[in-house]
Amino acid sequence: MKKIAIFASGNGSNAENIIRYFREKDRGAEVVVVVCNRREAGVYQRAENLGVPAVYVPKKDINDEEIMIGILKEYKVDFIVLAGFMLMIPDFLLAHYPNKMINIHPSLLPKYGGKGMYGHYVHEAVVANKESETGITIHYVSEKCDEGEPIFQASTMVSPDDSPADVEAKIHQLEKEHFPRIVEEVVSLL
């Protein structure tokens with residue numbers, strides 16, 4: 001059974017969806033820990049409700065190899081999923097988990113990726129630029145923000161009268177539908 005860590009910084013809806021997905025039936029993996037860098041994040045309550053340990057790790061400790069590798073070894077983590085994690089991953093983690101760390105981004109990369117492009121900022125840019133479609137990209141994590149090798153993309157139409165909130169709702173639906181399944185597919189390759 002492969003062991004997955006989820007790194008999250010916010011509400012945790014994707015983390016909860018992934019945890020539930022791997023509990024539905026034997027999928028060859030399980031989420032064993034949630035790592036979060038913000039004390040006030042909603043992901044703690046979601047993880048607690050599902051009986052998954054959630055560990056607070058401030059930014060300075062995420063960048064500390066001894067601390068981070070220690071946490072991941074404690075939980076025997078094989079694979080890392082970034083689900084709304086808002087910090088860059090340090091090089092030492094990339095070296096310890098080569099092609100064993102994926103992220104989801106709320107756009108069709110390379111559009112609307114990079115520093116400052118996350119969450120509602122992406123949806124606002126999509127609407128402001130009158131895009132006719134947007135979507136999600138699931139990709140391997142690299143040392144450059146949102147530039148890792150793409151694994152999967154799914155798109156949705158954007159109508160001229162969609163607000164950023166409308167676009168966000170469409171993106172959340174794509175995330176819910178595809179992210180856990182793609183995690184399972186990638187983990188099965190380990």
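These legends go with a few close-up views of a predicted model.

**View 1. The largest nonpolar core and its busiest members.** This core has 41 residues, and Ile 4, Ile 6, Val 81, Ile 102, Phe 179 and Val 183 are the ones touching the most other members. The top contributor is helix H7 (residues 164-187), which puts in 8 residues. Apart from this core there's another one, made of 24 residues, including Val 32, Ile 71, Leu 87 and Val 141.

**View 2. Ile 4 and what it touches.** Leave out residues up to four places away in sequence, and Ile 4 still touches Phe 22, Ala 29, Glu 30, Val 31, Val 32, Val 33, Phe 79, Val 81, Val 183 and Val 187.

**View 3. Strand S5, covered on both faces.** In a regular strand, side chains take turns between the two faces of the sheet. Here Met 101, Asn 103 and His 105 sit on one side, with Ile 102 and Ile 104 on the other, and every one of them is buried. With 5 of its 5 residues buried, strand S5 (residues 101-105) is therefore largely enclosed by the rest of the structure.

**View 4. S5 and its partner S4.** Strand S4 (residues 79-82) runs parallel to S5, and 3 bridges join the two. Look for Ile 80, which stands opposite Met 101 in S5. To get from S4 to S5, the chain passes through helix H5 (residues 91-96), making a right-handed β-α-β crossover.

**View 5. S5 and its partner S6.** With strand S6 (residues 133-140), S5 pairs in the antiparallel sense, over 4 bridges. Here Ile 104 faces Ile 138, its opposite number in S6.

Terms used
Residues numbered from 1 in each chain as written. Predicted model: local features only at pLDDT ≥ 70, side-chain atom pairs only at ≥ 80, totals over all residues. Heavy atoms only, no water. Core = buried A, V, L, I, M, F, W, Y, C linked by side-chain atoms within 4.5 Å. Buried < 20%, exposed > 50% of the residue type's maximum accessible area, 1.4 Å probe, protein only. Contact = heavy atoms within 4.5 Å. Pairing = 2+ DSSP bridges. Right-handed = clockwise from strand over helix to strand, strands pointing away.
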